[in-house]
Amino acid sequence: MRLRNTTVAAIAGLLAVTALAGCNRGSDDKAGTSGKVGIDLPRSDSDFWNSYNTYIEKGVKAGEVSALPRTNSQNDIGKLVANVQTFTDQGAKAIVMAPQDTGAIASTLDKLAGKNIPVISVDTRPDKGKVYMVVRADNKAYGTNACDYLGKQLGGKGKVVEFEGALDSINGRDRSEAFADCMKTKFPAIKVIALATDWKGDVASAKLQTTLASDPDINGIYMQAGGVFLQPTLALLEQKHLLKPPGTPGHITIISNDGIPDEFKAIKAGQIDATISQPADLYAKYALYYAKAALAGQTFKPGPTDHDSTIVSIPNGLEDQLPAPLVTKDNVDDPNLWANQLGKS
């Protein structure tokens with residue numbers, strides 16, 4: 001998968017809707033991009049989402065959209081519904097959200113559709129309810145790629161712990177199902193111990209401790225979200241003297257999802273082996289891009305885009321599947337990776 005240069009400077013220069021040209025840039029159905037955009041952040045207890053918020057803030061300050069004061073639903077569907085109501089009361093003409101419970105948001109999406117308020121859903125794909133565009137990476141590919149990496153590193157045998165994300169989230173389901181299918185098909189000699197975590201690091205750590213007591217020969221871990229699982233996992237493994245460098249006896253091969261700076265540090269330190277870089281910068285960039293396009297009345301269609309992604313049809317709208325590269329010690333210093341751009345002008 002080809003990696004696009006995504007510097008922070010690019011965030012400040014988001015593509016102008018009026019300058020669209022080339023492949024899958026949309027069609028101008030009506031002029032004008034006026035209107036306020038409501039932006040809800042899903043949580044603030046994850047380094048990934050805090051990084052996403054940083055990029056959103058840069059884009060808003062650059063004037064890409066006129067945004068209402070941002071809200072944070074704190075991983076609570078009730079708060080998200082209330083925040084959306086606040087946005088509509090304040091006259092929002094488009095809304096950017098990242099619903100963590102992708103089933104329970106349907107009725108809210110139906111109400112917004114009835115008011116002709118387009119919705120851009122970031123990172124998660126609502127199960128039902130109309131959306132203008134979903135901006136996310138291919139989460140099934142996350143699970144499959146993590147399986148491929150672990151399976152090859154372990155030589156097709158051993159025991160792997162999987163920290164499952166919440167299964168009421170499309171991301172948790174996609175990653176879990178794809179990982180399980182891949183392991184069953186390609187590496188049947190590897191035993192997978194799937195641990196439900198609800199995206200909570202303390203839950204993952206507690207369950208891992210119990211699992212290590214019953215299965216001390218664990219030799220692989222798949223963390224579906226490094227932003228919440230990384231530090232508790234490293235702390236536990238270090239406490240148990242199980243944090244051993246790659247290539248040494250007893251090393252537990254670890255792959256994660258997110259691509260945050262702390263994961264990169266852990267790769268360089270030999271604490272984990274790999275991560276899949278979930279593009280926080282591109283999530284923010286194209287969330288604002290599509291919000292602006294929605295206000296302009298643009299339409300899009302399935303097919304390749306000019307930013308190394310593919311728009312696909314989903315039952316309730318369209319989804320722009322952005323690239324998410326595998327990061328190992330071989331490319332962890334790549335300046336094009338978003339985590340290596342944080343703090344740079």
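Ala, Val, Leu, Ile, Met, Phe, Trp, Tyr, Cys and Pro count as nonpolar, Asp, Glu, Lys and Arg count as charged, and the others, Gly among them, count as polar. With these classes in hand, we can look at the lining of the largest pocket, where the residues divide into 13 nonpolar, eight polar and four charged. Please keep in mind that the structure above is a predicted model. Its protein chain has 345 residues, and buried residues make up 55% of them. Let's take a tour, starting with the whole chain and then visiting pockets, a cavity, a pair of helices and a few single residues.

**The chain as a whole**

- The secondary structure of the protein chain comes to 10 helices and 15 strands.
- Among the contacts in the protein chain with a separation of 6 or more, 73% join residues that are 24 or more positions apart.

**The largest pocket**

- The largest pocket has a volume of about 540 Å³.
- Its lining is made of 25 residues, and the closest to the centre of the pocket are Asn116, Ile117, Pro118, Tyr132 and Ala294.
- Four elements each supply at least two residues of this lining, namely β4 (92-97), α4 (106-114), α10 (280-295) and β14.
- Helix α4 gives the largest share of the lining of the largest pocket, with three residues.

**The second largest pocket**

- The second largest pocket has a volume of about 180 Å³.
- You can trace its lining through Tyr149, Gln153, Pro246, Ile267, Gly270, Ile272, Asp273, Thr328, Lys329 and Asp330.
- By class, the lining of the second largest pocket divides into four nonpolar, three polar and three charged residues.

**Cavities**

- The model has three cavities of 30 Å³ or more.
- The largest cavity holds about 150 Å³ of space.
- It is lined by 14 residues, and those nearest the centre of the largest cavity are Trp49, Gln100, Asp123, Trp199 and Ala225.
- Helices α2 (47-61) and α6 (170-186) are the elements that give two or more residues to the lining of the largest cavity.
- That lining has five nonpolar, five polar and four charged residues.

**Two helices that pack together**

- Two packed helices are described by the angle between their axes and the distance between the axes.
- For helix α7 (residues 201-214) and α8, the angle is about 35° and the axes are 8 Å apart.
- α7 passes α8 in a right-handed crossing.
- On the α7 side, the contact is made by Gly201, Ala204, Ser205, Leu208, Gln209 and Leu212.
- On the α8 side, the contact is made by Val228, Phe229, Pro232, Thr233, Leu236 and Leu237.
- Sorted by class, the contact of α7 with α8 has eight nonpolar, four polar and no charged residues.

**Two buried residues to find**

- Asp320 lies in strand β14 (residues 317-322).
- Asp320 counts as buried because its relative accessibility is 0%, and buried means under 20%.
- Not counting residues up to four places away in sequence, Asp320 touches Met133, Val134, Val135, Arg136, Tyr290, Thr305, His307, Ser309, Thr310 and Ile311.
- Thr108 lies in helix α4.
- Thr108 has 8% relative accessibility, so it counts as buried too.
- Leaving aside its neighbours within four places in sequence, Thr108 is in contact with Val81 and Val84.
- From C-alpha to C-alpha, Thr108 and Gly129 are 7.8 Å apart in space, with their positions 21 residues apart in sequence counted as the separation.

**Two residues with a positive phi**

- Gln74 is a residue other than glycine, yet its phi is positive, near 55°.
- You will find Gln74 in the loop between β3 (71-72) and α3 (77-89).
- Gln74 is partly exposed, because its relative accessible area is 46% and partly exposed covers values between the 20% and 50% cut-offs.
- His241 also has a positive phi, about 60°, although it is not a glycine.
- His241 lies in the loop between α8 (226-239) and β10 (253-258).
- With a relative accessible area of 65%, His241 is exposed, since exposed means over 50%.

Methods:
Residues are numbered from 1 along each chain as its sequence is written. This is a predicted model: local features need pLDDT of at least 70, side-chain atom pairs count only at pLDDT 80 or more; totals for chains, interfaces and linings use all residues. Side-chain values use heavy atoms; hydrogens and water are left out. Buried means under 20% relative accessible area, exposed over 50%, partly exposed in between (1.4 Å probe, protein chains only). Contact means heavy atoms within 4.5 Å. On a 1 Å grid over the protein atoms alone, a cavity is a set of points where a 1.4 Å probe fits but cannot get out, and a pocket is an open set with protein on both sides within 12 Å along at least five of seven lines; lining residues have an atom within 4 Å of a point. Grid points are joined across faces, edges and corners, and a volume is the space filled by probe spheres set on the points. Axes are lines fitted to C-alpha atoms, for helices over the stretch in contact, and angles run from 0 to 180 degrees between N-to-C directions. A crossing is left-handed if the near helix is turned anticlockwise from the far one by less than a right angle, and right-handed if clockwise.
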